[in-house]
Amino acid sequence: MKKLFLFILLSASLCAQKTETIKLSQSVKSKKHDYKSFTVIDWRANQEIGSVMYHKDRVNIAFENEAAKDLQNWFYGDNPVRGNDELVLLLENINISEDKHEKYSIAKLEVRASTFLKKDDGYHFLSRKDTVATVSSRTTPYLAQSLAKKLTLTFSELLKNTYRAKAWDFVVNQDELSNYSTLLKDKLEIYKTDSLKDGVYKDYYSFFTHNPEPGFIIETNNKGIVTKAVNGKEKTPIRNFYAFVYKGVPFKVIPVWYVEIFRDEQGLFIEVKKEELFPEANSSFMMVGGGIAGLIGSVVANVAIVAIDAKAAQKRRAMAGTEVSLDPFTGNYILPEDFGKSK
């Protein structure tokens with residue numbers, strides 16, 4: 001009788017366990033490069049991805065076979081073997097967790113993966129996804145399905161960014177891959193120099209390697225605000241660059257003009273408000289053709305704006321700025337978990 005009872009319990013437990021399979025169905029065809037091979041190195045400490053609840057059932061999110069095999073089959077399905085380039089994907093972390101509340105749940109997906117171009121001298125960094133996404137059961141009751149789709153989208157974006165990326169000049173050996181972040185970061189000139197070169201930087205890589213665009217001179221308007229960079233007859237609005245250095249001070253271009261870049265022992269960061277990074281259509285900081293509707297021009301609290309609207313300027317000062325780090329491997333913002341939330 002005991003054995004029968006245990007069997008019933010075990011059967012009930014197994015019935016309550018369901019699986020949401022990650023369907024790698026989006027196109028990841030490369031139109032720019034042909035690849036000889038695609039290798040996935042799965043260095044995750046935990047091969048399990050995680051699970052969430054659906055009513056009374058626990059639903060595991062998992063690859064159909066295993067991560068490396070499925071990702072390789074997906075890639076080769078859209079990219080027949082040809083060419084000379086050897087592409088490598090380093091899978092560092094995939095984790096799903098669930099925070100349960102009384103009437104709803106919030107599921108969190110964490111992904112970290114990087115791509116490299118393998119050459120005769122070693123591995124050259126290309127791109128990285130280091131992201132966190134959340135889904136609430138208030139907006140979708142099918143958390144597992146939504147998370148599986150987000151995971152597919154994340155890898156699709158990583159591969160598409162990889163196809164567009166320029167391989168870094170710095171080399172990492174195979175036995176150094178586990179520590180590539182530290183090794184590559186230590187080689188970036190922007191962290192080591194005390195004297196920055198004036199000029200404009202077209203992308204994050206040129207900025208972090210400290211290589212301004214040759215021949216460009218920064219110009220200001222009659223109020224001393226940087227507006228463009230000039231190279232002979234070529235005049236480019238400052239908003240078209242990733243960053244610039246003017247009189248030895250670095251600035252990051254953002255939707256509402258530009259902010260000063262600071263450095264500490266952790267890296268580079270800016271002090272910015274949510275409304276400045278993500279301006280809304282009805283915001284006082286809305287971008288209009290390279291200027292700002294509401295605020296345009298001089299420096300107010302480290303932001304290059306002029307208070308032609310006194311109320312808008314007062315509103316900006318009243319909103320607390322937040323430290324937002326700059327990711328040296330993508331150029332993207334690393335947003336704090338509570339970014340933009342009132343304290």
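## A look around Lys150, two sheets and a helix

Leaving out residues within four places of it in sequence, Lys150 touches Leu109, Ala133, Thr134 and Val135. This is a predicted model, so take what follows as a description of that prediction. Lys150 itself belongs to helix α3, which spans residues 143–164. Is Lys150 buried, exposed or partly exposed? Its relative accessibility is 31%, and because buried means under 20% and exposed means over 50%, Lys150 counts as partly exposed. One of its contacts, Leu109, sits 41 residues away along the chain, yet the C-alpha atoms of Lys150 and Leu109 are separated by just 8.3 Å.

Now for what else α3 does. Helix α3 lies across β1, β3 and β4, and it runs at about 30° to β1. Those strands make up an open sheet of 3 strands, in the order β1-β4-β3, with mixed pairing. At the edges stand β1 (17–21) and β3 (51–54); each has a single partner strand, so one side of each is left without a neighbour in the sheet. On average, neighbouring strands here are turned by 35° against each other, direction ignored.

There's a second open sheet to find, again with 3 strands: its order is β9-β10-β11 and its pairing is antiparallel. Here the edge strands are β9 (217–220) and β11 (234–237), each of which pairs on one side only. Neighbouring strands of this sheet are turned by 35° against each other on average, again ignoring direction.

If you'd like to trace a strand pair in each sheet, here are two to start with.

| Strand pair | Sense | Bridges | One bridge pair |
|---|---|---|---|
| β1 and β4 (residues 57–62) | parallel | 5 bridges | Glu20 and Ile61 |
| β9 and β10 (residues 226–231) | antiparallel | 4 bridges | Ile217 and Val230 |

So much for sheets; the last stop is helix α4, residues 180–187. Which residues of α4 are buried? They are Tyr180, Ser181 and Leu184. These three cover an arc of only 95° around the axis, which puts them on the same side of α4. The spacing helps explain that: an α-helix has 3.6 residues a turn, so residues three or four places apart point the same way. And what do the buried residues of α4 pack against? They pack against three strands, namely β5 (85–100), β6 (105–119) and β7 (122–136).

Technical notes
Residues numbered from 1 in each chain as written. Predicted model: local features only at pLDDT ≥ 70, side-chain atom pairs only at ≥ 80, totals over all residues. Heavy atoms only, no water. Buried < 20%, exposed > 50% of the residue type's maximum accessible area, 1.4 Å probe, protein only. Helix = DSSP H or I, 4+ residues; strand = E, 2+ residues; numbered from the N terminus. Arc of directions from axis to C-beta. Contact = heavy atoms within 4.5 Å. Pairing = 2+ DSSP bridges. Axes fitted to C-alpha atoms, helices over the stretch in contact; angles between N-to-C directions.
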